[in-house]
Amino acid sequence: MKNNIITQSIPGGFSVIASSFIAQSLEHMIPWLIVTFSVVVCDLMFGIRKCLLLGEEVRFSGAVRRTMGKMVTYFAFVCMVVMINIASGNKWNIDVYSCLFVCFIEFCSIISNILKPKGYNFNLLKALGLFGKKVLDVEKEDMSEIITKDKE
């Protein structure tokens, strides 16, 4: 009888802990999934706008396929970092920083989609370099290399 109680209590205890972990993870995940969904849909809309303004063919299936690929990748990433954060005891807030990084990537894509029809390119590497050097008081001439006019 004693052996039966032990073998039943271990899986029961694990299921309580696992369900609590999943519930807590979902509670933290849902707002970030909504934010991720929103920025990906905004990127899709600005991408379609860019193609229409440039006179390029807009293929609905291609645009949706790329957008769904982004969503799957970003949603899996959000789920992973939130679960790691919960498992680590919410010590480092890696979910916040990681999800803001995803939003930053999509924001750069949106900016690029806005500037491209106007004949400008957005140089992310130069922008990040300038942002890093901003603390060191960068010269104003360096700013001109971040957004450049297309050579047509």
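This is a short chat about a predicted model and a nonpolar patch on its surface.

User: What are the ground rules for this model?
Analyst: In this predicted model, local features need pLDDT of at least 70, side-chain atom pairs count only at pLDDT 80 or more, and totals for chains, interfaces and linings use all residues. Residues are numbered from 1 along each chain as its sequence is written, and side-chain values use heavy atoms, without hydrogens and water.

User: How do the elements run from the N terminus on?
Analyst: The order is α-α-α-β-α-β. Elements are DSSP runs numbered from the N terminus: helices are H or I, at least four residues, and strands are E, at least two.

User: Which residues form the nonpolar patch?
Analyst: Phe101, Phe104, Ile105, Phe107, Leu124 and Leu128, with about 520 Å² of accessible area together. α3 (94-115) and α4 (124-133) each give two or more residues. Patch residues have over 30% relative accessible area and no salt bridge (a side-chain nitrogen of Lys or Arg within 4 Å of a carboxyl oxygen of Asp or Glu). Nonpolar side chains (Val, Leu, Ile, Met, Phe, Trp, Tyr) are joined within 5 Å, like charges within 9 Å. Areas are Shrake-Rupley with a 1.4 Å probe, and for residues only the protein chains shown count as cover.

User: Which element gives the most?
Analyst: α3, with four residues.

User: Why does Ile105 count as partly exposed?
Analyst: Because its relative accessibility is 34%. Buried means under 20%, exposed over 50%, partly exposed in between (1.4 Å probe, protein chains only).

User: Which residues of α3 are buried?
Analyst: Among them are Cys99, Val102, Cys103 and Glu106.

User: And how much of the whole chain is buried?
Analyst: 25% of its 152 residues.
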